[in-house]
Amino acid sequence: MKKMKYSAAITILAALLLSLAACKTEEPAVVWDARLVEQFKPTEAMMQEMKTEIQEVNVESVCGDVTLKVGQTLGNEKDLCIVLDIGFSDGVPLQDMLLNGTEMGEDDRVEMGSIRLYSGKITYDEIVGMPLVAVSNKYRDREESFNCYMRTEGPDLERNTIPFLVGFEAGTRNTLPQGEVTLFIEDITLLTGGEERLLGEGPFVISWNLENAGEVETFILRGEGEAEIGRGYISPFSICVELDSSDYSSMDEFADTVKIILETREDLDPRGSSGGNYESPNGKVEYSVSLREMLDMNTVRGVRAGDNVIIFRQ
């Protein structure tokens with residue numbers, strides 16, 4: 001048997017490696033919807049790293065004369081942001097309804113009567129014509145109790161559609177479901193020039209498989225004798241802190257103590273859409289913030305809340 005020359009073996013190996021390299025395709029770049037970019041202001045590097053947080057959904061649901069479409073979702077076990085389009089039939093001419101006929105003005109506002117998230121699938125045929133209380137009673141055991149927000153810049157008149165961002169925050173004691181979920185929307189109205197005009201009489205629903213996952217840091221707040229007195233979490237999109245009892249006189253007083261500790265040892269004051277509640281006389285307080293700009297969790301060292309300093313990374 002003839003032995004292959006060393007130089008020939010090297011040549012064949014090099015050709016094989018080149019062939020394998022040519023067959024390898026680059027992973028496509030992650031492209032976020034413009035509404036998510038505007039909301040969270042991520043860097044390009046952040047968007048490319050968050051491959052499990054972002055989900056391409058592209059599901060539509062026709063509910064009579066109204067069509068719902070979920071394009072993308074972004075989130076983790078605590079946060080969910082939904083890119084939602086609501087389209088109307090020709091019988092609902094959005095352009096004719098606006099005061100100036102071209103765009104949303106200061107006196108124009110779109111509102112939804114109720115926005116809810118249910119675990120499992122609910123079809124439009126199951127609930128068409130049902131009042132909100134009937135839907136609540138029928139699906140009570142599947143309704144998720146989350147904080148909710150909605151934002152829109154106004155209608156896309158060319159498509160007779162209103163683009164929305166709908167967000168849910170689970171809070172310290174709950175987590176978002178995985179698997180099939182249903183977004184429920186009650187009536188959709190347009191307030192223009194002081195008048196309320198019904199755009200769509202609900203309820204409306206759309207279902208899809210929720211698969212978002214990502215980094216969340218949870219923590220415990222402790223008091224005298226290391227007793228647990230509260231809890232919280234921080235994610236790239238929000239921070240939420242809760243005390244079971246305290247000496248604070250208001251939610252705002254407690255909010256002033258909540259800071260994000262960066263790796264630079266600097267304190268970052270959370271900024272964005274905030275909310276919460278305060279219960280007297282025992283001083284139970286909860287404070288949450290949907291961050292104005294997305295956090296790079298690699299830059300987060302810990303959190304300050306009340307008298308607690310929680311360090312995640314030394």
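## Asp85 and Arg35

Asp85 is buried, with a relative accessible area of 13%. In this predicted model, Asp85 forms a salt bridge with Arg35. The closest N and O atoms of the two are 2.9 Å apart. Asp85 belongs to strand S3 and Arg35 to helix H2 (residues 34-40), so the pair ties together parts that are 50 residues apart in sequence. Arg35 is partly exposed, at a relative accessible area of 21%.

Why does 13% make Asp85 buried? Buried means under 20% relative accessible area, so Asp85 meets the cut-off. Arg35, at 21%, falls in the partly exposed range because that range starts where buried ends.

## Other salt bridges

How many salt bridges are there by this rule? The count comes to 13. Side chains of opposite charge can pair when their charged atoms come close.

Arg173 and Asp244 form one of these bridges, with the closest N and O atoms 3.3 Å apart. Arg173 sits in the loop between strand S7 (161-169) and strand S8 (179-185). Asp244 sits in the loop between strand S14 (238-243) and helix H7 (251-255). The pair therefore ties together parts that are 71 residues apart in sequence. Arg173 counts as exposed, at 53% relative accessibility. Asp244 counts as partly exposed, at 27%.

Glu228 pairs with Arg231 in another salt bridge. Here the closest N and O atoms are 3.3 Å apart. Glu228 is partly exposed, with a relative accessible area of 43%, whereas Arg231 is buried at 13%.

Salt bridges that share partners also build a network. Asp33, Arg35, Asp85, Asp156 and Arg159 are joined in it.

## The sheet around S3

Strand S3 carries Asp85. Where does S3 stand in its sheet? The sheet is open and has 5 strands, in the order S1-S2-S3-S7-S6. S3 therefore stands between S2 and S7 in that order. The pairing is antiparallel.

Which strands stand at the edges? They are S1 (54-63) and S6 (147-151). Each has a single partner strand, so one side of each is left without a neighbour in the sheet. Neighbouring strands are turned by 20 degrees against each other on average, direction ignored.

S2 (residues 66-75) and S3 (residues 79-88) pair in the antiparallel sense over 8 bridges. Thr73 stands opposite Ile82 in S3.

Technical notes: Residues are numbered from 1 along each chain as its sequence is written. This is a predicted model: local features need pLDDT of at least 70, side-chain atom pairs count only at pLDDT 80 or more; totals for chains, interfaces and linings use all residues. Side-chain values use heavy atoms; hydrogens and water are left out. Two strands pair if DSSP finds at least two bridges between them. Helices (H or I, at least four residues) and strands (E, at least two) are DSSP runs, numbered from the N terminus. Axes are lines fitted to C-alpha atoms, for helices over the stretch in contact, and angles run from 0 to 180 degrees between N-to-C directions. A salt bridge is a side-chain nitrogen of Lys or Arg within 4 Å of a carboxyl oxygen of Asp or Glu. Buried means under 20% relative accessible area, exposed over 50%, partly exposed in between (1.4 Å probe, protein chains only).
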